[in-house]
Structure formats: C-alpha cells, structure tokens
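Look at the chain as a whole before turning to its parts. This report takes up the domains, then what lies between them, then the ligand.

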Amino acid sequence: MESWQQLLRKRSIASLDALAAKFGPEHFPEIERLRQAAENFEFRIAPAMVDLIESPEDPIWRQYVPTVQELEVHDGLVDSLAEDANSPVPNITHRYPDRALFLVSPVCASYCRFCTRRRKVGDPEKIPLSQLESAFRYLEEHTEIRDVIMSGGDPLLLSDRRIDELCRRLRSIKHLEILRIGSRIPCHLPERITPELCDILKRYHPLYINTHFNHPRELTPAAVEALGRLADAGIPLGCQTVLLKGVNDDVEVMKELMQKLLAARVRPYYIYMCDQVAGAEHFRTTVEKGLEIIQGLRGWTSGLAVPHFVIDAPGGGGKIPLLPEYVEAISDDEVVLRNYAGKRYVYKQPAAETVLVG
Ligand SMILES: *Cc1c(COP(=O)(O)O)cnc(C)c1O
C-alpha cells in the first residue's frame, strides 16, 4: 500500500501548470500573473482536496486555488496578529498568561490561500526546525505556561519519530499540564492518521487536537474515519473554522458543517473572523454575517454545535468573543432578554440586601 508520504508526493497538485492541465486552461486566463501569487505563498493541493473539487470556483477550489486578488493589498497586514512581535524566541509566540503557541512544522499538506501565517508557512527558513532548543528552554523556564499549542505549518506532517520526540520532550516539562496540536491533516490527508500515529499520541495525554474544517463537504468518509481513530485514542477533538466569503458565509452551510462535525465526534470550538491578512483580503466578509450565523445556530440546533465566534484582534490583542444581542436591557431589578426566536423574557435580579426583621 502507498504510504501517506508517497500519496502526498505523487497525487497532490503543486504547480499552476498541473492545475490548468487538470481543470482546463480556460479557467486560468491570467496564469502569468497567477505565478506571482504562487511565488508569494506556497501552492499545493493535497489529493483529498483535489478529488473534492466539483467545479471551478466551488467552496473547495476557492480555499486552495490562487487568484490574482492575492496581489491586491488594501488594509491587509503582513503579520496581522503581531505574532512575531510577541515572539520571545524563534518559533514561540507567548501572548496569553498561561499558554504559548509553538511552531513545530513549516509545511502543510494543502496551502489555504487565506492562511494567517502566509508570511512564513511553507518556508523552512522562516519556521526553522534546527533551533528548537531555545523554544524548549523558554517553555522550561516559564513555569506559568501550563498549555502549549503546537502549530505551524501542520505538526502532523512531521514523521512519527519526530512527533514522538517532540511530545516526549514537552511532557518532560512538569508544568505543562496540557498539550494541544492544531492540524488540518484529518481534512487534507486523512491517510496520515495511521493507527501507529494514534498509538504514539495517546501516550501523551492530556493531549487535545483542534482540527480545521470549513465546509460540510470536507467531512468525507475518509476524514470521518480518521477523526474516529483520533477520538478512539482518547483525544478530545475541536474544530477551528474560518468564516470565508464564497465558502461558508451562509447559515445553512455552517449549520450543516457544525452538525457533521459533532456527528464525527468533533466539538466545534471557534469560528474565526477571517484575519486582516495581506493577500487574503478577498476572503473577508462582514462581522454582521458572523453574528447572523451564530444567531442561526444558537437555539436552532444542539448547543454542542455552537462554537465561539471570535475576532483575533489585529495588532496582537488575542481572540475577542462576539455575541448577537440577547440582552435588551439590564437594571438593578431585572434583565430583559431576547431568546433565540426573538421572543422577550424578563429575569428578576435578586433583591438587594434584604433586611430581615424580627
Ligand atoms: C489562539 C492562540 C492561543 C490559544 O488560545 P485559546 O483561546 O486558549 O484556544 C494561544 N496563543 C496564541 C498566540 C494564539 O493565537
């Protein structure tokens, strides 16, 4: 049987010419300008995603096929989350009091054109794996860090041996209570979620995986099976979805996605507003659209299917939650609330300092 490495190497689409040959050159009238987009940010579409594209411009295509819009910058920022400014040592971003982001892999199976880290992902010189020692030392010295999030690039594209070593090293740091991995591999390359990988990961509990699905069609039978293998290894699974114009900016699409994730044993965790990233601005939609989606989920389907809707604030403010307006008025006496269906309800505040007489 073909290994996942061979599969990725042989069956991915990794050049614009191969893409045009597969889908027809008529869909790429500006191929010469597109080369600049593919030059600015790595291009590859993993086999499972190639197979999932039904037609040009569909929600799968839009996530991976470069467009000339990537070359237009309006108010996009190169490092919109100021990750590099909050980086005390290479590969670490330490923004929150008790947790840190750790970039452990420069590469992905497919490169999402809306990538927030497109300034460095795909480039092993910008996410160097030769100097992880300073990152480990930082994590060792900062005893306030109790949660480390491995990301990249995609950590699960590392070899089994490397993943094992990485987790073992992190587990030797006593104050790290939980390990997390952020990975789109269950979607992009489900064959990589081998029983051997699951056997390695489950030795390092508590270990959480946050995966990334953006459209219900991505939950293919192979992806669902891969998620099942991870869940069977006792790994709690979350999903971080990005709100993307022309992909999932629709209540019904998002509802179906969240329901399918739950059925695949994945608890939706975040819906992100698309970051204000240079090269990815054409994916952005309005904040109101995100609020409309949350309003269309809450109450209308399982509460378990309703993630937090957040903006990761430009400039490094971190994730800020947004909620539709359910509180109409609040006073010392009562709160006027609006339920999911728009009906009004009143909750009485507890009486202030009642004096008991007698
Ligand atoms: C998202 C993120 C985290 C983790 O945030 P949670 O809300 O705990 O999931 C940690 N560090 C950085 C820099 C992040 O961007």
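In this predicted model, the chain is divided into domain 1, residues 84-322, and domain 2, residues 325-358. The C-alpha centres of domain 1 and domain 2 are 38 Å apart.

The two domains do touch: five residues of domain 1 are in contact with four residues of domain 2. Between them, domain 1 and domain 2 bury about 390 Å², and 57% of this buried area is on carbon and sulfur atoms. On the side of domain 1, Gln295, Arg298 and Trp300 lose the most area to domain 2, and together they make up 80% of what that side buries. Sorted by class, the side of domain 1 that touches domain 2 has two nonpolar residues, two polar residues and one charged residue.

Which polar links cross this interface? The rule finds zero salt bridges between domain 1 and domain 2. The count of residue pairs in polar contact, with both residues at pLDDT 80 or more, is also zero.

The model also holds a ligand. The residues around the ligand are Thr93, Arg95, Tyr96, Arg99, Leu101, Ile149, Arg180, Tyr269, Tyr270 and Lys319. The table gives distances from an oxygen atom of the ligand to an N or O atom in the side chain of three residues.

| Residue | Distance to a ligand oxygen atom |
|---|---|
| Arg99 | 2.6 Å |
| Tyr270 | 2.5 Å |
| Lys319 | 3.1 Å |

Taken alone, the ligand exposes 390 Å², and the protein buries 90% of that area.

Conventions: Residues numbered from 1 in each chain as written. Predicted model: local features only at pLDDT ≥ 70, side-chain atom pairs only at ≥ 80, totals over all residues. Heavy atoms only, no water. Domains from an automatic or database assignment. Contact = heavy atoms within 4.5 Å. Buried area = accessible area lost by both parts, 1.4 Å probe. Salt bridge = Lys/Arg side-chain N within 4 Å of Asp/Glu carboxyl O. Polar contact = N/O pair within 3.5 Å; in protein donor to acceptor, adjacent residues only side chain to side chain. Nonpolar A, V, L, I, M, F, W, Y, C, P; charged D, E, K, R; others polar. Near = heavy atom within 4 Å. Areas by Shrake-Rupley, 256 points an atom, 1.4 Å probe, with all protein chains shown as cover.
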